[in-house]
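This report walks through one protein model for a reader who has not seen it before. Please look over the sequence and the structure below, then read on.

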Amino acid sequence: MPVNSHNALPLHGKTAVIHGGGGAIGGAVARAFARDGAQVFIAGRSRAKLERVREAIVATGGVAEVAEVDALDEAAVNDHIETFSRLLAAELGDMLDSNERRWSWPR
């Protein structure tokens, strides 16, 4: 179902991080989030599978990035967490900029 305005998409302007995004379920979740307007960051062990999901998302006008991460490799997981932390910090910064008058942070 085509949508005329990106703002009408429920996840427009949001970032979704999907671990296991190259598998059947994770890939379906990544495609669904992208279809609803989120930019997706998909992670998993197989770069080839991740790239297939990314290509499917991009082919339909979505935005996706991939990260090959083996959950059994501590260094790879730490690198992934660092990358995810930067994405989260950027997302939080955008949220604070656009919502600073509506948010009341506990002190």
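Is Glu 74 buried or exposed? Glu 74 has a relative accessible area of 62% in this predicted model. Because the cut-off for exposed is over 50%, Glu 74 counts as exposed. Glu 74 is placed in helix α3, which covers residues 74-99. Together with Asp 70, Asp 73 and Asp 79, Glu 74 forms a patch of negative charge on the surface.

**Overall layout**

The protein contains three helices and three strands. Along the sequence these elements follow the pattern β-α-β-α-β-α. The protein has 107 residues, and 24% of them count as buried.

**The strands**

Strand β1 spans residues 15-19, and its side chains alternate between two faces. Ala 16 and Ile 18 point to one face and are buried. Thr 15, Val 17 and His 19 point to the other face and are not buried.

Ile 18, a residue of strand β1, has a relative accessibility of 7%. Because buried means under 20% relative accessible area, Ile 18 counts as buried. In sequence, Ile 18 and Val 66 are 48 residues apart, while in space their C-alpha atoms are 9.6 Å apart.

Which strand pairs with β1, and in what sense? The partner is strand β2, residues 39-44, and the two strands pair in the parallel sense over five bridges. Within this pairing, Val 17 stands opposite Phe 41 of β2, and His 19 stands opposite Ala 43 of β2.

Why is β2 described as largely enclosed by the rest of the structure? Five of the six residues of β2 are buried, so the strand is largely enclosed in that way.

The loop between α1 and β2 holds Ala 38. Ala 38 has a relative accessible area of 3% and is buried. Along the chain, Ala 38 and Val 17 are 21 residues apart, and their C-alpha atoms are separated by 9.8 Å.

**The salt bridges**

How many salt bridges does the structure hold? It holds three salt bridges, and they are listed here.

| Pair | Closest N to O distance |
|---|---|
| Glu 51 and Arg 47 | 3.6 Å |
| Glu 68 and Arg 47 | 3.5 Å |
| Arg 54 and Glu 51 | 2.8 Å |

These salt bridges link Arg 47, Glu 51, Arg 54 and Glu 68 in a network.

Glu 51 and Arg 47 are four residues apart in helix α2, residues 47-59, so they are separated by about one helical turn. Arg 54 and Glu 51 also both lie in helix α2, three residues apart, about one turn of the helix.

The salt bridge between Glu 68 and Arg 47 joins two elements. Glu 68 lies in strand β3, residues 64-68, and Arg 47 lies in helix α2, so the pair ties together parts that are 21 residues apart in sequence.

How accessible are the members of this network? Arg 47 has a relative accessible area of 38% and is partly exposed. Glu 68 is partly exposed as well, with a relative accessible area of 45%. Arg 54 has a relative accessibility of 24% and also counts as partly exposed.

**A nonpolar patch**

Not every surface patch in this model is charged: Ile 25, Val 29 and Phe 33 make a nonpolar surface patch of about 270 Å². Phe 33 lies in helix α1, which covers residues 24-35. At 35% relative accessibility, Phe 33 counts as partly exposed.

**Main points**

The protein follows the pattern β-α-β-α-β-α, with β1 and β2 paired in the parallel sense. The network of salt bridges includes Arg 47 and Glu 68, which tie helix α2 to strand β3. The surface has a negative patch that includes Glu 74 and a nonpolar patch that includes Phe 33.

How values were computed: Residues are numbered from 1 along each chain as its sequence is written. This is a predicted model: local features need pLDDT of at least 70, side-chain atom pairs count only at pLDDT 80 or more; totals for chains, interfaces and linings use all residues. Side-chain values use heavy atoms; hydrogens and water are left out. Patches are made of residues with over 30% relative accessible area and no salt bridge: like charges are joined within 9 Å, nonpolar side chains (Val, Leu, Ile, Met, Phe, Trp, Tyr) within 5 Å. Accessible areas come from the Shrake-Rupley method with a 1.4 Å probe; for residues, only the protein chains shown count as cover. A salt bridge is a side-chain nitrogen of Lys or Arg within 4 Å of a carboxyl oxygen of Asp or Glu. Lys and Arg count as positive and Asp and Glu as negative; His and the chain ends are not counted. The place of a charge is taken as NZ of Lys, CZ of Arg, CG of Asp or CD of Glu. Buried means under 20% relative accessible area, exposed over 50%, partly exposed in between (1.4 Å probe, protein chains only). Two strands pair if DSSP finds at least two bridges between them.
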